[in-house]
Amino acid sequence: MSKKKLRELAINRDWCKGCGICVSFCPKKVLELDSKDKAVAVRPEDCICCKLCELRCPDLAIEVLIEQDKEDE
Amino acid sequence: MAVKDYLRERYFPHMWCPGCGHGTILNSLIRAIEDLGLDKSEIVMTSGIGCSARISGYVDFHSLHTLHGRALAFATGVKLSRPELKVIVPMGDGDALAIGGNHFIHAARRNIDITAVVMNNRIYGMTGGQFSPLSGAGVKATTAPYKTIDSNFDVVELAKAAGATFVARSTAYHAQEATGYLKKAIEHKGFSVVEILSQCPTHYGRKNKEGDAVSMLELHKTNTAKLGSKALENNPELIARGVFLDVDRPEYCQEYDKIIEQASKG
Amino acid sequence: MSKNIRFIQGNEACVEGALYAGVEFFAGYPITPSTEIAEHLSQRLPQRGGKFIQMEDEIASMCAIIGASLTGHKVMTATSGPGFSLKQEAIGYACMAEIPCVIANVQRGGPSTGNPTHVSQGDVNQARWGTHGDHSIIALTASNHQDIFSITVDAFNLAETYRTPVILLLDEAIGHLREKLAIPEEGELAIVDRLRTSQPKGVDYHPYLPREDGRLPMSDFGGHHRYNVTGLFHDMWGFPSNNPKIVNELLRHLTDKIDANINSITRYKEYFLDDAEYVFISYGSSARSAIHLARNRRNKGEKIGVLELQSIWPFPRDLVREKCEKAKAVLVVEMNMGQVLTQVKAAVDEPSRVFLANRFDGKLITPTDIKRLLRVIQGRGV
């Protein structure tokens, strides 16, 4: 199995309504809400690319973009 | 294709409240369709009226936003007149089972090849938080200031008894699981029902002191258990999730084709 | 003329007309006195690859035909009294979303369950105003089987032309009466097919942007143009909007497309009107009695004529004014408490000359009933 590596945690700030679901249920606490109540990836290096934030986001505002680790292929 | 390719992006951000489970259900539904690799032009999404019903406007399929409770009746016309189309009908709990209850049981009885998705947040959200036939007893709502005394339907049991041939239940918390059930339901030949527990933090959550969207999602986790699990065995009070029924029975449009064949001979 | 002569009920004549017009989908629910339409179509439609479905209720039937129309089919439903009431919300949907469909209402006595097996013409105003909100609508009617056939064809043609529900206001007497129908040959009557967009795949299609002539070409569900249909006020894409400008323009479009075309929509027949001193205005089975009486009295030298309305909505006000101009008196002959009378009074220059010859007791109005009133008006006794 190839190990997943985060390329980018893309958050559409126009669509995000700041419900905090992604923040609360991230197993690695990668996300936080900023001063404008928009989700931001503050610890992207901890992301394990489980995509739970993307799948649960009620605003369809999150995209977990993955780079495949070539050594593991 | 990416998820966004299935959306009408120009209408986003959508109109649902922050933390509304309906957005997650849209998310799951789009992913199910993407996984199945369906052509956008072979899908008709028909909805009724209510918060849930707005889902059809956001998807880049043929979309039919109809009358309160009548989505399945419109969908029956679409499907029978063009059986090659995939017809998906997302409905709210009041939409599907109060005003639309008759259409729900009859669509199930006919076993017409339509996928019904009941987005169950146990409240009428759009009109401001009145109780629904899925609220159950002991719930506070704007029309139940002293708490409800009405029992709720069990959608799964109702669908099974009425003749649906695929019945499943999941929640907005279990997004991946819900996507899986939706895939199976869409692929199923016959009337399929997927109930997805949703959360309405704005009305249900506030009235019933269930907190914000996050704590309501926690309840989806703690109040439910997978069919056949130890947790469910130990605590039958939990709401079961899983596929409750997946059987074959003659499908309505296929049966009608036989009528055409028979009538044309005469 | 066709050699295909039938001796059938009015409801069956309506079925024959619908088939001639190309009906492909029918959804309905049993109700007296319209049920024969459903029964015959359940047999005839599948013979030609069409679809018939008996739905769980009247509302569902109306909704199902709208769904089937959107996939590109000519559709109809049939009902009576209480069923027509139940369908009203969905009829309004078809007005708002501009979905062609035909609704036959074989009228019976009302309100409520009323007089299910007896004749009435009490749904004239309901056909116009049954659904909520400002809107316009087309309602047609006929007094004999040959006309039921052709007016049914017209109903489909007008539904397609104007993208609107069209109401066929039949009644119990004409619906159940048996008489001769000569089915026209193919091509004898014009058939209007659906106007579909010529926009190719990949080019933006605006489902609710009227062409210069006000018409909106359609695109079938399942085709390559994907768009939204809603009962909410909507923009040219069919997406909900409450922008006052959009609301205003859409409502004007929905009414103008019918009201401004009243001359193309109006259908009527006239009998001995040229020098008529007394004009009967009637429609449906009532018109049979009016015509019968007029013909009889003409033979005796009385100058009586009949204007038989075959389209009631939009109400042909100018036509009625013109035809009544020289009349000493106008008698509206109908089986209700004066629903068309109100329209006629509003249309003519001297409403005080307009009288009502009516019955609403479930019995067909007779020539004698009309004659009794005529004699009073003529000052020739009671």
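Start with the largest nonpolar core of this predicted model. It has 205 residues, and the ones to select are Ile66(C), Leu168(C), Ile281(C) and Val330(C), which touch the most other members. Now colour chain C by domain: domain 1 (1–265) and domain 2 (269–377) both give residues to this core, so it lies between them.

Stay on Ile281(C) and show what surrounds it. Leaving aside neighbours within four places in sequence, Ile281(C) is in contact with Leu307(C), Leu309(C), Val320(C), Val330(C), Val332(C), Val333(C), Val340(C) and Val344(C). Val330(C) should look familiar, being one of the core residues that touch the most other members. As a rule of thumb, nonpolar side chains in soluble globular proteins tend to be buried together.

While you're at it, select Cys51(B), Tyr124(B), Phe131(B) and Cys200(B). These are among the 10 residues of another core, which lies apart from the 205-residue one.

Back to chain C and its two domains. Their C-alpha centres lie 28 Å apart, and the contact takes 30 residues from domain 1 and 21 residues from domain 2. On the domain 1 side, try the elements that give two or more residues, including β6 (115–119), α6 (145–162), β8 (165–171) and α8 (244–259) of chain C. Then pick α5(C), residues 124–129: this helix gives the most to that side, with four residues. Coloured by class, the domain 1 side shows 16 nonpolar, 10 polar and four charged residues.

Next, zoom out to the chains. Which of the two pairs of chains in contact shares the most contacts? That would be chains B and C. Chain A and chain C, on the other hand, do not touch, and their nearest C-alpha atoms are 19 Å apart.

So select the B–C contact, with 33 residues from chain B and 35 residues from chain C. On the chain B side, highlight β2 (62–65), α3 (71–81), α5 (101–110) and α11 (252–265), the elements that give two or more residues. Of these, α3(B) gives the most, with eight residues. The chain B side divides into 15 nonpolar, 14 polar and four charged residues.

Now switch to cartoon and follow β2(B) across to chain C. β2(B) pairs with strand β10 (residues 228–230) of chain C in the parallel sense, over three bridges. For a close-up, centre on Ser63(B), whose bridge partner in β10(C) is Asn228(C).

Last stop: residues 49–196 of chain B, which the unreviewed UniProt entry annotates as "domain: Thiamine pyrophosphate enzyme TPP-binding". This stretch is 34% helix and 20% strand, and its end C-alpha atoms are 18 Å apart.

How values were computed: Residues are numbered from 1 along each chain as its sequence is written. Chains are lettered from A and ligands numbered from 1 in the order in which they are written. This is a predicted model: local features need pLDDT of at least 70, side-chain atom pairs count only at pLDDT 80 or more; totals for chains, interfaces and linings use all residues. Two residues are in contact if their C-beta atoms, placed from the backbone, lie within 7 Å. Ala, Val, Leu, Ile, Met, Phe, Trp, Tyr, Cys and Pro count as nonpolar, Asp, Glu, Lys and Arg as charged, and the others, Gly among them, as polar. Two strands pair if DSSP finds at least two bridges between them. A nonpolar core is a set of buried Ala, Val, Leu, Ile, Met, Phe, Trp, Tyr and Cys residues joined through C-beta atoms within 7 Å. A residue is buried if 20 or more other C-beta atoms lie within 10 Å of its own, exposed if 12 or fewer, and partly exposed in between; C-beta atoms are placed from the backbone. Domain bounds come from an automatic or database domain assignment. UniProt positions are given in the numbering used here, feature names are shortened, and annotations may be inferred rather than shown by experiment.
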